[in-house]
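Please open the model in a viewer and keep the selection tool at hand. The tour below proceeds from the whole chain to single side chains.

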Amino acid sequence: MGIVDSTYESDHTKWMREMMAKHPEWAEEQQKGRALWWDKKQEPELCQGFEQSREAQKPYPYDVNFFGA
């Protein structure tokens, strides 16, 4: 095995670091966006209901010649 260069950064990563350094106010907007879409409190009862209502999947749903089960 060869030596892995772990210092590599893609052009996009370099650009994002540069832009975040120029615009520190973006960090707050980024946190607001994450909170809006991702940081949600989980409700175990609701998740359990979803699991219980799930239908059983057929053995291979992408086989166009399969008509069984």
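The radius of gyration used here is taken over C-alpha atoms, and the globule rule is 2.2 Å times the number of residues to the power 0.38. For a compact globule of 69 residues the expected value would be near 11 Å, whereas the protein chain has 23 Å. The model under inspection is a predicted one.

**The whole chain**

Display the C-alpha trace first and turn it along its principal axes: the span is about 60 × 45 × 25 Å. Then switch to a cartoon view, in which three helices and zero strands appear. Read from the N terminus on, the order of elements is α-α-α.

Next, show the surface of the protein chain. The accessible area amounts to about 7,400 Å², and carbon and sulfur atoms account for 56% of this area. Of the 69 residues, 1% are buried. If the surface is coloured by charge, 9 positive and 13 negative charges can be located, and their mean positions lie 2 Å apart.

**Helix α1**

Select residues 11–22, which form helix α1. Which residue forms a salt bridge with Lys 22? The partner is Glu 18, and the closest N and O atoms of the pair are 3.3 Å apart. Lys 22 and Glu 18 are four residues apart in this helix, so about one helical turn separates them. Is Lys 22 buried or exposed? Lys 22 counts as exposed because its relative accessibility is 54%, and the cut-off for that class is over 50%. Glu 18, with a relative accessible area of 42%, is partly exposed.

In general, side chains of opposite charge can pair when their charged atoms come close. Under the rule applied here, the model has six salt bridges; the tour visits some of them.

**Helix α2**

Move to residues 26–37, the extent of helix α2, where Trp 37 is found. Within this helix, select Glu 29 and Lys 32, which are three residues apart, or about one turn of the helix. Their side chains meet in a salt bridge with an N to O distance of 3.6 Å. Lys 32 is partly exposed, its relative accessible area being 46%. Add Glu 28 to the selection: Glu 28, Glu 29 and Lys 32 are linked in a network of salt bridges.

Now select Trp 37 itself. With a relative accessible area of 64%, Trp 37 is exposed. Extend the selection to Leu 36 and Trp 38, and a nonpolar surface patch of about 480 Å² made by Leu 36, Trp 37 and Trp 38 comes into view.

**Helix α3**

Proceed to residues 44–52, helix α3, and pick out Glu 51. Which residue forms a salt bridge with Glu 51? Arg 54 does so, with the closest N and O atoms 3.5 Å apart. Glu 51 is partly exposed, at 48% relative accessibility, while Arg 54 counts as exposed at 57%.

Finally, draw a distance between the C-alpha atoms of Glu 51 and Gln 30. These residues are 21 apart along the chain, and the separation of their C-alpha atoms is 32 Å.

Key:
Residues numbered from 1 in each chain as written. Predicted model: local features only at pLDDT ≥ 70, side-chain atom pairs only at ≥ 80, totals over all residues. Heavy atoms only, no water. Helix = DSSP H or I, 4+ residues; strand = E, 2+ residues; numbered from the N terminus. Buried < 20%, exposed > 50% of the residue type's maximum accessible area, 1.4 Å probe, protein only. Areas by Shrake-Rupley, 256 points an atom, 1.4 Å probe, with all protein chains shown as cover. Lys, Arg positive; Asp, Glu negative; His and termini not counted. Charge placed at Lys NZ, Arg CZ, Asp CG, Glu CD. Patch = residues over 30% accessible without salt bridge, like charges linked within 9 Å, V, L, I, M, F, W, Y side chains within 5 Å. Salt bridge = Lys/Arg side-chain N within 4 Å of Asp/Glu carboxyl O.
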